[in-house]
Amino acid sequence: MATRRDVLALSAAASAAALLPGRAFAAIPTGVKMHGLSAFGDLKYKPDFAHFDYVNVDAPQGGTFNFSPPNWGYNQNTETFNTLNSFTPKGDAPPRMGMCFDSLMARALDEPDAIYGLIADGVTISDDRKNFEFSLRSEARFHDGTSLTAEDAAFTFKLFKEKGHPDLSLSLTHLEDAVAVDPRTLRLSFSGKHSVRTILNVAEFPILSKAFYSANPFDSSQLNPPLGCGAYKVGRWSAGSWIEYERVADYWGKDLPVNRGQNNFDRIRIEFYQDRTAGFEAFKKGEILYREEFTSRVWATAYDFPAFTAGKVVKHEFPAETVPSMQATAVNQRREQFRDARVRQAIALCFDFEWTRRNFFYGSYERSQSCFEKSDYRAEGMPSPEELALLEPLRDKLPPKTFGEAVTQPASDGSGRDRKMLGKAAKLLAEAGWKRSGDFAVNEKGGRLSAEFLVDDDTFVKVYSPWIANMRAVGIDATIRLVDPAQYQLRQSTFDFDLISVAFSFSATPTRDDLEIFFHSSTATVSGSRNLPGISSPAIDVLIDAVGAAKDRESLTVAMRALDRALRARRDWIPSWFLANHRSAYWDMFGFPEQKPDFGFPVEALWWFDKGKAAKIGKA
């Protein structure tokens, strides 16, 4: 529990954030219907815009896009599925269920945080900025032809707040009410404790049918295709094996500015493989048409199959999005043995990235250091005066290294067993009370320091085995456990692991809601949250509040760098590696916009089937 002194210190930090110069979300006028919203009031597209600049409005429609999704969210799983409800905390849903649903507003991928009207043609903000009234389009409807009304939207937000996946429910913590003022007007009312930018997340939530979920349970056992309202609907499927999404021919929103030039494929099909090798073999045969390659050995050496050498398959690197990303290993502090930061640091020192990069990655990855890699939010060098204004009130609540050079993972000698780094790891364990007894480090009661690495793919068994060997060399009773995808998802959601590696991307303009689910005390015990290490720090909470209070991009960057600096000093996550580009491979039968947007890469939405190219390679 925080003492009065703690509260005063935390309040001082929050005040420092509020005093940072600039203009806030308050720059957006109240009492005026807006066609779009952005974090700081800057919108690229005017009310009469025809389409986003990064689409091809003349793209032909047709064909099938069979691909392996490179990203997913909510309870989705790329290796199996046992439910078609993607929005509950439990179960394994197929990726891209979101294509079946529309939201109040849609994000522009060439702006860092702007959203524009989809189901809603505009939104009006109350003078106190607690109420948001959305004007819904009269033509909006579900796939069965029934009208989509404010009642459906109000029902959806209440349902998500009560029973939704944490990615949904946590942003609605401070939602007081969702009211259908009339059939075409939805009012979302917040308590005033919400972040001013919460609405940017909430307005993108899928809208569900009240009638459907009044007649069908909202739980993870459902394999009944949900009634949607988006550009696609569930077609044929075989649980755990494959699923097809069919483009809705009479989709109500196909001509809206936020949709033109998108959703060009008649059918999108996803195959599920629990083994990467099987997935690659399917791609070589043309059963899969697009994949991002995440195995460096395969990218470097395995693209010598007949279809590639004949020019039917293309390898291409597209630039990655300019959004903060984190690929790292979580050390679960719900386990008593990992609560001492020196133990977590010792585990990190056992990972020889330089050796791994040379022997497994063919030199293609870079070492990650930050929780917000590839962005301006990555802390560098000593704290700036502006960062110190946020950090100083929290000095006795943060590790001392927060106030020095930004913590980085040291480079090894690349031998695979760097004696200097392993010696430092052993010393840290001893300082933390783990003394060597034979082959193992033990505590005062004689209990071994154990650490089990949870993985769901044999590739990671190979990559992490040298790390495990180094941990054992310093006395940690370290092991790897390979489990099936469903068990992996369940154990991750319920925090039943010691160590687990994940990769995430954040919004280009992170909100407090975005960060809370990863780093805030309130999510440490919420099943399904992304707070995998179990971070519970009042100081980190206040730095997250500082991000929420930022009044312009400059102050946001300051707050994010201060947060990054503190997280790295705490060593909750062990940063691993990152790629600067998307390593994409595809059968040469598609067209795509020449200019890739900076803040997203939804290939299945932006690309199209090219009949001429397909005919040349025998795929017409």
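These questions and answers go through salt bridges, nonpolar cores, helix packing and backbone angles in a predicted model.

Colleague: How many salt bridges does a search of the whole structure find?
Modeller: Side chains of opposite charge can pair when their charged atoms come close. The cut-off used here is a side-chain nitrogen of Lys or Arg within 4 Å of a carboxyl oxygen of Asp or Glu. With that criterion, the search of the whole structure gives a total of 41.

Colleague: How many residues apart in sequence are Glu-244 and Arg-269, which form a salt bridge?
Modeller: The closest N and O atoms of Glu-244 and Arg-269 are 2.7 Å apart. Glu-244 belongs to strand S10 (residues 242–247) and Arg-269 to strand S11 (residues 267–271), so the pair links distant parts of the chain. Both residues are buried. Their separation in sequence is 25 residues.

Colleague: Asp-457 forms a salt bridge with Arg-276; is Arg-276 buried or partly exposed?
Modeller: The closest N and O atoms of this pair are 3.2 Å apart. Asp-457 sits in the loop between strand S18 (450–455) and helix H13 (458–473), and Arg-276 is in helix H6 (residues 276–285), 181 residues away in sequence. Asp-457 has 6% relative accessibility and therefore counts as buried. Arg-276 has 28%, and buried means under 20%, so Arg-276 is partly exposed.

Colleague: Which residue forms a salt bridge with Lys-596?
Modeller: Lys-596 lies in the loop between strand S24 (590–591) and helix H18 (603–606), and its partner is in the loop between strand S13 (313–319) and strand S14 (325–331), so the pair ties together parts that are 275 residues apart in sequence. Lys-596 is buried at 12% relative accessibility, and the partner is buried at 15%. The closest N and O atoms are 2.6 Å apart, and the partner is Glu-321.

Colleague: Which residues are linked with Arg-335 in a network of salt bridges?
Modeller: A salt bridge needs Lys or Arg on one side and Asp or Glu on the other. In this network the Arg residues are Arg-335, Arg-481 and Arg-491. The residues linked with Arg-335 are Glu-452, Arg-481, Arg-491, Asp-496 and Asp-498.

Colleague: Which helix gives the largest share of the largest nonpolar core?
Modeller: This core has 149 residues, and Phe-134, Phe-157 and Phe-519 touch the most other members. Among the residues that Phe-157 touches are Leu-104, Leu-172, Val-202 and Ile-207. The largest share of the core is eight residues, and it comes from helix H17 (residues 553–570).

Colleague: How many residues are in the second, separate core?
Modeller: Its members include Leu-428, Ile-468, Ile-574 and Trp-577. The number of residues in this second core is 36.

Colleague: Are H15 and H16 roughly parallel or roughly antiparallel to each other?
Modeller: Helix H15 (residues 512–519) and helix H16 (residues 538–549) have axes 9 Å apart and pack at an angle of about 160°. H15 passes H16 in a right-handed crossing, and the contact involves residues including Leu-515 and Phe-519 of H15 and Ile-540 and Ile-544 of H16. Angles over 145 degrees count as roughly antiparallel. H15 and H16 are therefore roughly antiparallel.

Colleague: Does H16 pass H17 in a left-handed or a right-handed crossing?
Modeller: The axes of H16 and H17 come within 8 Å and cross at roughly 160°, which makes H16 roughly antiparallel to H17. Among the residues that meet are Leu-543 and Val-547 in H16 and Leu-556, Ala-559 and Leu-563 in H17. The crossing of H16 past H17 is left-handed.

Colleague: What distance separates the C-alpha atoms of Ala-559 and Val-547?
Modeller: Ala-559 is in helix H17 and, at 0% relative accessibility, counts as buried. Leaving aside neighbours within four places in sequence, Ala-559 is in contact with Leu-390, Ala-546 and Val-547. Ala-559 and Val-547 are twelve residues apart along the chain, and their C-alpha atoms are separated by 5.2 Å.

Colleague: What is the phi of Arg-96?
Modeller: Most residues other than glycine have a negative phi. Arg-96 lies in the loop between strand S2 (64–67) and strand S3 (105–107) and is buried, with a relative accessible area of 12%. Although Arg-96 is not a glycine, its phi is positive, at about 75°.

Terms used:
Residues are numbered from 1 along each chain as its sequence is written. This is a predicted model: local features need pLDDT of at least 70, side-chain atom pairs count only at pLDDT 80 or more; totals for chains, interfaces and linings use all residues. Side-chain values use heavy atoms; hydrogens and water are left out. Helices (H or I, at least four residues) and strands (E, at least two) are DSSP runs, numbered from the N terminus. Buried means under 20% relative accessible area, exposed over 50%, partly exposed in between (1.4 Å probe, protein chains only). A nonpolar core is a set of buried Ala, Val, Leu, Ile, Met, Phe, Trp, Tyr and Cys residues joined through side-chain atoms within 4.5 Å. Contact means heavy atoms within 4.5 Å. Axes are lines fitted to C-alpha atoms, for helices over the stretch in contact, and angles run from 0 to 180 degrees between N-to-C directions. Angles under 35 degrees count as roughly parallel, over 145 as roughly antiparallel, 65 to 115 as roughly perpendicular and the rest as oblique. A crossing is left-handed if the near helix is turned anticlockwise from the far one by less than a right angle, and right-handed if clockwise.
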